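Dear colleague,

Please find the structure below for your review. My notes on its cores, a helix pair and the chain contact come after it.

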Amino acid sequence: MRAESAFSVPVKLWALLCVLVGVSFGGNVLLTCILTGFAFVYLLLQRNIRLVISYGCFYLLLALLLVAIRYHGLHMVVFSEFYVLMFWNLSAVVLVSWDLITTPPGELSAFLSRIHAPTALILGLLVVFRFFPTMRAELKGVGRSMKNRGLTAPKQLLLHPLVSFEYVLVPFLLRVLQIADQLSVSAVARCAERPGVRGSYYGRKMTYRDIAMIAAWTVVTVGFVFLGRRFA
Amino acid sequence: MQETNKWTVKDVITTVLLSAVLIVIQLVVNMVCMANDFVSMVLSVGITMFMCAPVYMLMVSRIGKRFVTLIYMTILGVIFLLMGNWFLLPYYIVVGIICEAILWKRGSCENPNRLTASWTVASLLYNGVNLLPIWFFWDTYYDFAISSGMEQSYIDSYVHYYTSPGWLVFILLFTALMGFLGCLVGRRLICKHFKKAGVL
């Protein structure tokens, strides 16, 4: 089972801190492939095969683009060279963040509550983590409604950009506000405003496997920073 | 009932959700505008501030409490920190404090003129995202740009637009104007839709 092989929340937070330190102080952007490579190993150990395959394909594409840009003078019109390197540089951050974001909310809130994080911070983080999948679905819904009414025709979009902007923005924002209300009611009903430490069905203790991974991330990051500065 | 300044769960969730919407709009517009040097360097910030203004006005009016702008600017700064631009976090916190000073007077969050002033100032100061690297962190930016394989012509046009006084004045005025116009659109949308829908 994937849930059983997942690392605990402190490991995930430590991994994120390590990649952030590595990316910020590494000194050599191209060598971030070391961090990204270890991030893939970290995901494989958690049996997150789907993410490894999908992001692995994207990372391979980035590598090919980088080679083409650096050695064959490729210049792209839409996706600039700057973004290719930015994604290359931030790939480890993206992978580790995504792993953290997709952690069950109960596990996250149990850990944050245990370390006495303020309720506002816990709620804020949980809302941000659930933002992207929810909003994508909402935008799709708005797009479908507009299509039904014939408002997505290229002529309409080009001739009336401001009106089209309004047609997308208003229902989308109304839906966001509705979601905010529903989430608030749900959180309050679950005693989010109650002071004190909250427990969780999903709360789990650190194991030797978790401690080993924390040590591994530390060693890889220190090694990467040292190597990156040497070859800067 | 007396109005309190204490934040509730609903306020936190609404601020975080709408801040996330604002940041996504900013990143998407910037990415699309990268297709052309002129649009990317001169117009993109203005377009961004125009599109974000209605969302910002809705967010502050809906919550109606102090520190909404400061929280939004801090979240924005943290996103830039994650992207490697650590110096933008303290900068955006300062921008947030300036906007909060404009909105400090009780009832300002429901006052469209104050909201317009706050966002127009935020729009003007948002240019720091392009100006700070050239003024204070040029070596870091230049090394990153060169190692990314970015063409010298792109870097030259960046320097050209952000160091020639004429272009600089145009960019600053254009951005502030677009922020201001965005607020006018936001005011209209709030009256036309959001007040009628009963969400404000």
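The notes below take these topics in turn.

This is a predicted model, in which local features need pLDDT of at least 70 and side-chain atom pairs count only at pLDDT 80 or more, while totals for chains, interfaces and linings use all residues. Residues are numbered from 1 along each chain as its sequence is written, and chains are lettered from A in the order in which they are written.

The largest nonpolar core (buried Ala, Val, Leu, Ile, Met, Phe, Trp, Tyr and Cys residues joined through C-beta atoms within 7 Å; buried means 20 or more other C-beta atoms within 10 Å, with C-beta atoms placed from the backbone) has 59 residues, of which Leu17(B), Val55(B) and Tyr56(B) touch the most other members. Its largest share, twelve residues, comes from helix 2 (residues 37–63) of chain B; helices are DSSP runs of H or I, at least four residues, numbered from the N terminus. A separate core of 33 residues includes Leu62(A) and Met213(A).

In chain A, the axes of helix 4 (residues 49–72) and helix 5 (residues 81–101) come within 9 Å and cross at roughly 160°; axes are lines fitted to C-alpha atoms over the stretch in contact, and angles run from 0 to 180 degrees between N-to-C directions. These two helices are therefore roughly antiparallel, a term for angles over 145 degrees.

The contact between the chains takes 38 residues from chain A and 31 residues from chain B, where contact means C-beta atoms within 7 Å, placed from the backbone. Helix 9 (161–189) of chain A gives the most to the side of chain A that touches chain B, with 14 residues.

Kind regards

Key
A residue is buried if 20 or more other C-beta atoms lie within 10 Å of its own, exposed if 12 or fewer, and partly exposed in between; C-beta atoms are placed from the backbone. Angles under 35 degrees count as roughly parallel, over 145 as roughly antiparallel, 65 to 115 as roughly perpendicular and the rest as oblique. Two residues are in contact if their C-beta atoms, placed from the backbone, lie within 7 Å.
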